[in-house]
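Thanks for coming, everyone. I'll walk through one structure today and keep it brisk. Have the viewer open and follow along.

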Amino acid sequence: MNIRDLLPLLQAGLDRLDAVKAPLGHFQTPESPGLEHVEAALTEYVARLSQNYPFSHPAYVGQMLKPPHPAAWLAYTLAMTVNPNNHALDGGPDASHMEKEVIAEFRDFFGFPDATLGHLTASGTIANLEALWVARCCHPGKAIAYSAGAHYTHQRMSAVLGMNSLQIPTTLAGEIDWKELEQRAPEIGTLVVTLGTTAEGRIEPLHHLLPFCRKHGIRVHVDAAYGGFFRAIAGSQGMDAGPWLALSQADSLVVDPHKHGLQPYGCGAVLFADPAVGAFYKHDSPYTYFTSDDLHLGEISLECSRAGAAAAALWFTLKLLPLNPGPEQPGFRDVVGTCRTTALQFSDELERSKQWRLVSRPELDIVCYFPEVAGGSMAEISRRSRAIMQQGMTAPDSDRIYLSLCRLTPERLAVCHPDLIADTQEVFVLRSVMMKPEHQTFLPELVRRLNHAAASVG
Ligand SMILES: *Cc1c(COP(=O)(O)O)cnc(C)c1O
């Protein structure tokens with residue numbers, strides 16, 4: 001699907017929205033700059049936009065970035081002409097109902113209880129902030145704990161909330177340090193478990209951690225901002241179903257539709273299994289919440305104004321690509337399934353070659369790898385990885401490839417590669433996020449360009 005194919009549909013949608021206003025009577029719109037001024041500004045604007053990295057091209061295989069689905073673009077663009085505000089049913093009745101429906105879809109997708117309370121947010125950061133704030137309300141004075149692989153936002157937001165936070169170390173085998181976790185258990189109010197770490201896309205063992213937490217009265221918050229949509233293929237393509245099935249027992253969950261959900265930025269989500277946490281949000285507003293006695297989303301959200309267009313675009317996208325599609329129907333499992341297959345094929349290619357090594361087999365669609373170096377010096381691996389990234393980005397168009405780097409501790413790398421020499425404090429490896437389905441058919445060319453960049457570095 002291509003945005004250009006949707007332009008007639010956009011036109012038709014605009015016509016229908018205009019028709020709704022027409023019976024209210026004609027009105028004058030204020031004078032605006034002439035079209036020639038718009039055109040001049042547009043020329044400058046497009047020139048500025050063209051300086052971005054080419055996120056939509058499969059030769060861009062660096063960070064977690066891609067344009068939204070064309071359908072999301074269509075829905076968002078139409079909704080923007082209305083500009084609903086999902087703070088209250090006063091400001092966005094239609095988009096608020098759509099938001100409640102998509103939250104119900106997420107609830108069923110993740111196996112959360114029927115009474116689940118949730119809403120969309122501006123981002124994964126804000127969604128996590130709310131989850132940690134609720135954690136503080138539930139266990140005042142207790143700490144937030146997370147692993148070394150957790151997103152840095154948890155440490156930061158704990159500080160914002162004035163909460164103690166502690167990082168549970170990993171053992172030399174790369175597992176969570178259970179001894180340390182057991183020792184610190186009395187201090188911990190909520191444990192953050194990440195399904196899909198941002199750096200390496202690793203899945204933490206939620207199914208093993210949950211029973212431990214229940215025994216010690218610790219709440220469990222799952223940060224699936226990146227990985228959540230991979231629930232659609234849990235139990236297939238080499239993905240252990242265990243952590244995903246355990247999700248249904250978590251206390252709260254964050255997922256980012258603007259990461260793997262094909263949405264434009266401005267779309268995170270948070271879910272709470274126990275609707276009683278809604279009481280923590282209790283507040284009064286002297287000038288909203290009057291049009292309906294139904295739940296206004298602002299009554300259970302820390303943010304006030306929020307883009308109703310974000311909810312509308314997600315709702316529309318899920319109509320076309322459901323989270324729980326019928327057996328013959330396309331859905332999100334096809335989107336993330338293709339990304340996962342490509343990551344595995346890419347890893348096979350690297351493993352077959354004598355000049356590359358994987359940090360470890362990918363658990364989602366993020367692949368971390370590094371060039372083989374004589375003598376096995378980690379400092380040299382860092383130097384060469386950096387040089388290959390630079391080389392790829394500055395190569396002529398037909399050889400161009402955009403990669404990213406990932407910083408690891410020498411201990412982390414040594415878990416899988418004990419033969420390497422830890423002659424540096426931190427080691428940089430290459431990281432590629434295979435999050436565009438377009439990577440699949442482009443893969444042979446991608447590998448060619450990668451090898452070309454490596455050969456050019458020498
Ligand atoms: C991206 C990410 C976040 C932060 O989300 P934003 O939407 O970038 O604010 C938090 N946790 C994890 C695991 C992430 O991947």
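**A walk through the model**

Start at H439, which is found in helix α14, residues 439–457. Bear in mind that this is a predicted model. Is H439 buried or exposed? Its relative accessibility is 0%, so H439 counts as buried, the cut-off being under 20%. What does H439 touch, beyond its neighbours within four places in sequence? The list is P58, Y60, V61, T342, V433, M434 and L446.

Stay with α14. Its axis and that of helix α12, residues 378–394, come within 9 Å. The two cross at roughly 115°. The crossing is right-handed. On the α12 side, the contact uses R384, A387, I388, Q391 and G392. On the α14 side, we have L450, A453, A454, S456 and V457. By type, the residues of this contact are six nonpolar, three polar and one charged.

One of the contacts of H439 was V433. V433 also sits in strand β11, which covers residues 427–433. Strand β11 pairs with β10, residues 404–408. The pairing is antiparallel, over five bridges. L408 of β10 stands opposite V427 of β11. Now look along β10: the side chains alternate. S404, C406 and L408 point to one face and are buried. L405 and R407 point to the other face and are not buried.

Next, the seven-stranded sheet. It is open, with mixed pairing. What is the strand order? Read it as β1-β7-β6-β5-β4-β2-β3. The edge strands are β1, 117–121, and β3, 165–168, each pairing on one side only. From one strand to the next, the twist averages 20°.

Zoom in on the β1 edge. Here β1 pairs with β7, residues 268–272, in the antiparallel sense. That pairing has five bridges. T121 stands opposite G268 in β7.

Two helices to pick out against this sheet. Helix α4, residues 93–110, lies across β1, β6 and β7. It runs at about 115° to β1. Helix α5, residues 124–138, lies across β1, β2, β4, β5, β6 and β7. It runs at about 25° to β7.

On to the packing. The largest nonpolar core has 65 residues. Which of them touch the most other members? F106, F110, L206, V222 and L253 do. Helix α10, residues 308–320, gives this core its largest share, seven residues. Take L253 as a close-up. Leaving out residues up to four places away in sequence, L253 touches F110, F112, H221, V222, A224, L247, A269, V270 and L271. There is also a second, separate core of 23 residues. Its members include A150, M163, V192 and V277.

Last stop: backbone angles. N83 has phi near 60°, a positive value in a residue other than glycine. Where is N83? In the loop between α3, residues 70–82, and α4. At 57% relative accessibility N83 counts as exposed, because the cut-off is over 50%. L262 also has a positive phi, near 65°, and is likewise not a glycine. L262 lies in the loop between β6 and β7. With 9% relative accessibility, L262 counts as buried.

That's the tour. Questions, please.

Methods: Residues are numbered from 1 along each chain as its sequence is written. This is a predicted model: local features need pLDDT of at least 70, side-chain atom pairs count only at pLDDT 80 or more; totals for chains, interfaces and linings use all residues. Side-chain values use heavy atoms; hydrogens and water are left out. Two strands pair if DSSP finds at least two bridges between them. Helices (H or I, at least four residues) and strands (E, at least two) are DSSP runs, numbered from the N terminus. Axes are lines fitted to C-alpha atoms, for helices over the stretch in contact, and angles run from 0 to 180 degrees between N-to-C directions. Contact means heavy atoms within 4.5 Å. Buried means under 20% relative accessible area, exposed over 50%, partly exposed in between (1.4 Å probe, protein chains only). A crossing is left-handed if the near helix is turned anticlockwise from the far one by less than a right angle, and right-handed if clockwise. Ala, Val, Leu, Ile, Met, Phe, Trp, Tyr, Cys and Pro count as nonpolar, Asp, Glu, Lys and Arg as charged, and the others, Gly among them, as polar. A nonpolar core is a set of buried Ala, Val, Leu, Ile, Met, Phe, Trp, Tyr and Cys residues joined through side-chain atoms within 4.5 Å.
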